[in-house]
Every structure is written in structure tokens, then in C-alpha cells.
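Q: I'm new to this structure and would like to learn how to read it. Could you take me through it feature by feature?

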Amino acid sequence: MTGLATATVLSVTASGCVTVHGELEVVPGATRSEAAKALADFTTSYNAADKAYDPALDADRVTGSLGAINQAGLKARQKNHPDGNPDHSPLELTDARYVIPKKAGWPRWFLADTDSNRDQDGGKLDTRWLVVFVKSGPDAGWKASYLSVVAPSRMPALAKDGDGRAKPVAVDSTELAVAPEDLSTQYTQYLQKGTPDVFAPGSATSGWREARRTTRRAGFSYQYIDQPLDSGTFGPLGLETDDGGALVFFSSKHFERQTAAKGLRPPVDQDVEALLTGEVRSTLTKERISSEMVYVPKKGSTKDGGKVVVLNRLPGLTAAKGS
């Protein structure tokens, strides 16, 4: 990346990426030393923000769905605990394996596959923390946009090119059961209507729909609205797997509206109260953003019934409104 700071902008490509002198070449998104520094900087900032419950301390290290979840959560906890986090325990991300695909133009990105100190090493409770970092331009900093936590045994094997690098997947790929750019729309449509039926059964798919269907509380009714979130910093990112499928990260937005019968009022806990606008009289609407990590089989595959498998979903409350 030497000399990129002095590069001259030439044009904007059809994909929306800014093309600069020398940036038409397909090159690795980062060096391993850059990736290691980005992970270290993120971890340091994350810990400082968590200890103080101050979103400003890591605001320049996060973006996308992870940024929205992180910043809203810190804002709520700061309001409820102005003196900081009394239970702070520093996050440690070790044994990092950097997956750095080649691409032309911006944004560039890479995946840090790490071991955290938040699990039990070995056995059924062992997990890997996968952090996706993006860089929007030559003068921008690396920011974490997606975080997924998954058991090592559930991670699909990634394909490699002739140089041993990971192979990125085009967002409009026609080789997959679902193109990455369509995942957020199809996921939110599935949650609303049960179609398109392209997602394998699981807690984040059929299980979530069933949990909504069976939610009952005397004197209250529930409504759910799901919306795609797939542009800008919330865009999907994918890597080709050994079997021709893809490991894809994408985002979505979800609303839960609780309406009370006359004489009742929806309960409001302190985390919701901290992000609340309006006054809760008879309705409370909670807004959440979630990031999903999925395995998408190649078109025509019979693996997992040819359906998309949600490997992890990370949700977070980002806003609340009363009326």
C-alpha cells in the first residue's frame, strides 16, 4: 500500500468503488502486519470503551452492523452506569489466522479468525471469533464491520487461489444458490412470510419464526417487521469455499412492536429506557440490527438440501420508540 496516500482519483466504477491510480490491479487487501495491527488496535479500543462504557473510545474502530450494535450498546450502558463498567474483563483475541483475499479498488477487507478468552478451549463450548475488517479508501483506517462466534467444527473449508490466498465472491455471483447481494432481502422476506424457502432449519430461521408465532402474554399483542440492510457499510462480504459454495457475512434490521390493551403498559427495562424516544403509553417498538454469517451452497448442490445455513447471528438493540 506504499504511495497510496498520494494517488489521484480517476473515476468511480459501475460498482460504486472509487478507482485510483494503480488501484485497477488485483492485490491482497492488506499485509499480515497491517492485519495484525488492525486487530490489536480494535481490541485495545474495544476494551477501553467497554471499561469506561464510552462509545467515543472505539467509534473509529467499528462500522457496519457491528458498529451499530456496539455503539448503541455502549450508549445505553453509559447512561445506566455513568461511572463505567464495574465488571470489566479485558477481551483477548489470540491465535489469529488472517484470511486476506485479493481484490481491486476499494473497499478492501480481510477476516481475522481468532480465539477469544470468552469461551472454554476444547470441547463443545470451544468457539472461534471471526472479525471482518474493512478499509474504505487509501487514507481510511481499518474498522471492524462484522463479528461472528462459531464452533470450529462448523467452519467450512475456504478455497485458495494459486498464491494460497482466499478467493472473494462477487456480490452478484450466479454460481451460488443465493447471490450474496440478495441474502438480506431473502432472509427478511423468509422471516416475514416463510418464503422464499432457501434457508435450512435452525434457531435463526425456522426456530425464530416459531418463537414469534408462539409468543403470548395476556393483554398484549406483538407485531414483527423485518427489513433488508445491504448497502454501504452494511454490504455483504463473502469468501469462496472448497466445494464451490461461499461463506458470507450480511446484515439485517428487525422491529418488534408490543401493543398493550387498555389499562396496561408495555414493560420497559433499563437498556430499552436508555435508547428510548417518545413516551410509552400503549405501544413500544424495539429496533434491532443483526449480522449473520452463513454458508451458501453452490447452485445445484444437494449439501444441506441445497439451502443456506445460518452459522451465527449476532443481534443488538439499537433504538426504541414509545407511543
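**Reading the model step by step**

A: Sure. This is a predicted model, so confidence comes up early: the average pLDDT of the protein is 91, and 93% of the residues score at least 70.

Q: Where does pLDDT stay under 50?

A: Over residues 1-22. For that stretch the model has 33 contacts beyond four places in sequence.

Q: How many helices and strands does the protein have?

A: There are 5 helices and 14 strands. The radius of gyration is 21 Å, close to the 20 Å that the globule rule gives for 323 residues, so the protein is as compact as a globular protein of that length. The C-alpha trace spans about 65 × 50 × 45 Å along its principal axes.

Q: What share of the residues is buried?

A: Buried residues make up 46% of the 323. As for the outside, the accessible surface comes to about 15800 Å², with 51% of that belonging to carbon and sulfur atoms.

Q: What do the contacts say about the way the chain is put together?

A: Look at how far apart the partners sit in sequence. Among contacts between residues at least 6 apart, 66% join residues at least 24 apart.

Q: Let's zoom in on Tyr187. Is Tyr187 buried or exposed?

A: The cut-off for buried is under 20% relative accessible area. Tyr187 has 0% relative accessibility, so this residue counts as buried. You'll find Tyr187 in helix α3, residues 183-193. Beyond its neighbours within four places in sequence, Tyr187 has contacts that include Phe199, Trp208, Phe250, His254 and Arg313.

Q: Which backbone oxygen does the side chain of Tyr187 reach?

A: That of Ala204, at 2.6 Å.

Q: How do I read a pair of strands, such as β10 and β11?

A: Check the direction, then the link between them. Strand β10 (residues 237-240) and strand β11 (residues 246-260) pair in the antiparallel sense over 4 bridges. Within that pairing, Leu239 stands opposite Leu247 in β11. The two strands form a hairpin with 5 residues between them, and Gly244 in the turn has a positive phi of about 90°.

Q: What is the usual backbone geometry, so that I can spot the exceptions?

A: Most residues other than glycine have a negative phi, and most peptide bonds are trans. One exception here is the cis peptide bond that joins Trp106 and Pro107, with omega about 0°. Pro107 is in the loop between β5 (102-103) and β6. Another cis peptide bond joins Thr195 and Pro196, again with omega about 0°. Pro196 belongs to the loop between α3 and α4.

Q: And what about phi at Tyr53 and Asp95?

A: Tyr53 isn't a glycine, yet its phi is positive, about 50°. Tyr53 sits in the loop between α1 and α2, and it counts as buried at 9% relative accessibility. Asp95 also has a positive phi, near 50°, in a residue other than glycine. Asp95 is in strand β4 (residues 93-99) and is partly exposed, with a relative accessible area of 45%.

Q: Which side chain has a polar contact with that of Asp113?

A: The side chain of Arg128: a polar contact of 2.7 Å joins the two. Asp113 lies in strand β6, residues 108-116, and is buried, with a relative accessible area of 11%. Its contacts beyond four places in sequence also bring us back to Asp95, along with Ala96 and Trp129, among others.

How values were computed
Residues numbered from 1 in each chain as written. Predicted model: local features only at pLDDT ≥ 70, side-chain atom pairs only at ≥ 80, totals over all residues. Heavy atoms only, no water. pLDDT = per-residue confidence, 0-100. Contact = heavy atoms within 4.5 Å. Buried < 20%, exposed > 50% of the residue type's maximum accessible area, 1.4 Å probe, protein only. Polar contact = N/O pair within 3.5 Å; in protein donor to acceptor, adjacent residues only side chain to side chain. Rg over C-alpha atoms; globule rule 2.2 N^0.38 Å. Areas by Shrake-Rupley, 256 points an atom, 1.4 Å probe, with all protein chains shown as cover. Pairing = 2+ DSSP bridges.
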